[in-house]
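Reader: I should like to go through the assignments in this model one at a time. Please set each value against its criterion.

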Amino acid sequence: MRSIWKGAISFGLVSVPVKVYSATEDHDLKLHQVHNKDKGRIRYQRKCEVCGETVEYGDIDKAYEEGGRTVVLTDEDLESLPVEKSREIEVVEFVPDNQIDPMLFEKSYYLEPEKVGAKPYQLLRQTLEQTELTAVVKFALRQKSRLGALRVRGNVMVLQAMLWQDEVREAEFPILSEAVKISDKELKMSSSLVESLSTDFTPEQFTDEYQLQLRQLVEAKLEQGESVDTEATFGEAPEEEGGGAEVLDLMEALRRSVENRRKGAKAAKDGEEKEEAPEEKPAPKKRTRSAG
């Protein structure tokens, strides 16, 4: 991993110099656009609407338009903002872990301490771990003032960039204001279904099936050409349900779901027991001492 930013965690009068690394990456297969007639790559040019010339990145500035007037902001203008010059991750307050709405979370970053900051880094990490608190911080990264959550993940501290509160839309759906009657029987059956699906979260058991199938399709086309047999590659496609599919009432759907879940769990358990059962070995033959 390559460091994308250097700064320091400001924790009271304690300063912890750190390097910042992107904690996540995109695993999607990279696709680009081509002309469907001759496979020529489609590229986009940056053209000026006034003079019609193609403009290089170095000659492009940002701008804001309001009331027919345009204000141009150069890189020098943006770098002159006081907050942009700051290399500080300022701890503002400490809050219980469960008080931060996950809706606010954006991108995550790993924080690695500089050599001189190893001890205060570990002190802050262990303090957060023992108190089960999250540090709310303010910092600036890539020409944007940000709010963040500083938390512990294993033996490393993670900085999670957060949205500002006014960036989260309110959900205003009139249908949710309508009265809906849920019977005790429906709630009990729904709880049974939830309980049958309850387990500890293990993210490594989940895979991105779309990307796996996309890569499989690409490899098949590279090997077989454009006229690839998708049925041979992926197997027979399941039939799509038409408009005449059976409609179940809520209670019946819940009952069947619980029943199917129990059958599946029992089958899985029987399979595990069969695998774990030791093979029966023939009894050893008795040896008799020869008289002598």
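Author: Strand 2 (residues 14-22) and strand 6 (residues 105-113) pair in the antiparallel sense over 5 bridges. The model is predicted, so local features need pLDDT of at least 70 and side-chain atom pairs count only at pLDDT 80 or more, whereas totals for chains, interfaces and linings use all residues. Residues are numbered from 1 along each chain as its sequence is written, and side-chain values use heavy atoms, with hydrogens and water left out.

Reader: What makes strand 2 and strand 6 a pair?

Author: Two strands pair if DSSP finds at least two bridges between them. Strand 2 and strand 6 have 5 bridges, and the criterion is therefore met. Within this pairing, V18 has P113 of strand 6 as its bridge partner. Strands themselves are DSSP runs (E, at least two residues), as are helices (H or I, at least four), and both are numbered from the N terminus. By that count the protein has 7 helices and 9 strands.

Reader: Which strands close into the barrel, and in what order?

Author: The barrel consists of 7 strands in the order 1-2-6-9-8-7-5, with mixed pairing. Neighbouring strands of this sheet are turned by 40 degrees against each other on average, direction ignored. Axes here are lines fitted to C-alpha atoms, for helices over the stretch in contact, and angles run from 0 to 180 degrees between N-to-C directions.

Reader: Why is strand 7 described as largely enclosed?

Author: Buried means under 20% relative accessible area, exposed over 50%, and partly exposed in between (1.4 Å probe, protein chains only). Of the 8 residues of strand 7, 6 are buried, so the strand is largely enclosed by the rest of the structure. For the protein, 19% of the 292 residues count as buried. Strand 7 pairs in the antiparallel sense with strand 5 over 6 bridges, where V95 stands opposite T134. Strand 7 also pairs in the antiparallel sense with strand 8, again over 6 bridges, and A140 has S145 as its bridge partner there. Strand 7 and strand 8 form a hairpin with 4 residues between them, and R142 in the turn has a positive phi of about 55 degrees.

Reader: How do you know that the buried residues of helix 3 line one face?

Author: The buried residues of helix 3 are P120, Y121, L124, R125 and L128. Seen down the helix axis, they fall within an arc of 135 degrees, so they line one face of helix 3. The arc is that of the directions from the helix axis to the C-beta atoms. The face turned away from the buried side carries the exposed residues K119, L123 and Q130.

Reader: How does the span of helix 3 compare with the expected one?

Author: Helix 3 (residues 118-131) has 14 residues and reaches 20 Å from its first C-alpha to its last, close to the expected 20 Å. The expected span is 1.5 Å times one less than the number of residues. Just after helix 3, E132 takes a positive phi of about 55 degrees.

Reader: Why are there 0 disulfides?

Author: A disulfide is a pair of cysteine sulfur atoms within 2.5 Å. By this rule the count is 0. C48 is in no disulfide, because its nearest cysteine sulfur, that of C51, is 3.8 Å away.

Reader: What makes C48 partly exposed?

Author: The relative accessibility of C48 is 27%, and C48 therefore counts as partly exposed. C51 is likewise partly exposed, with a relative accessible area of 47%.
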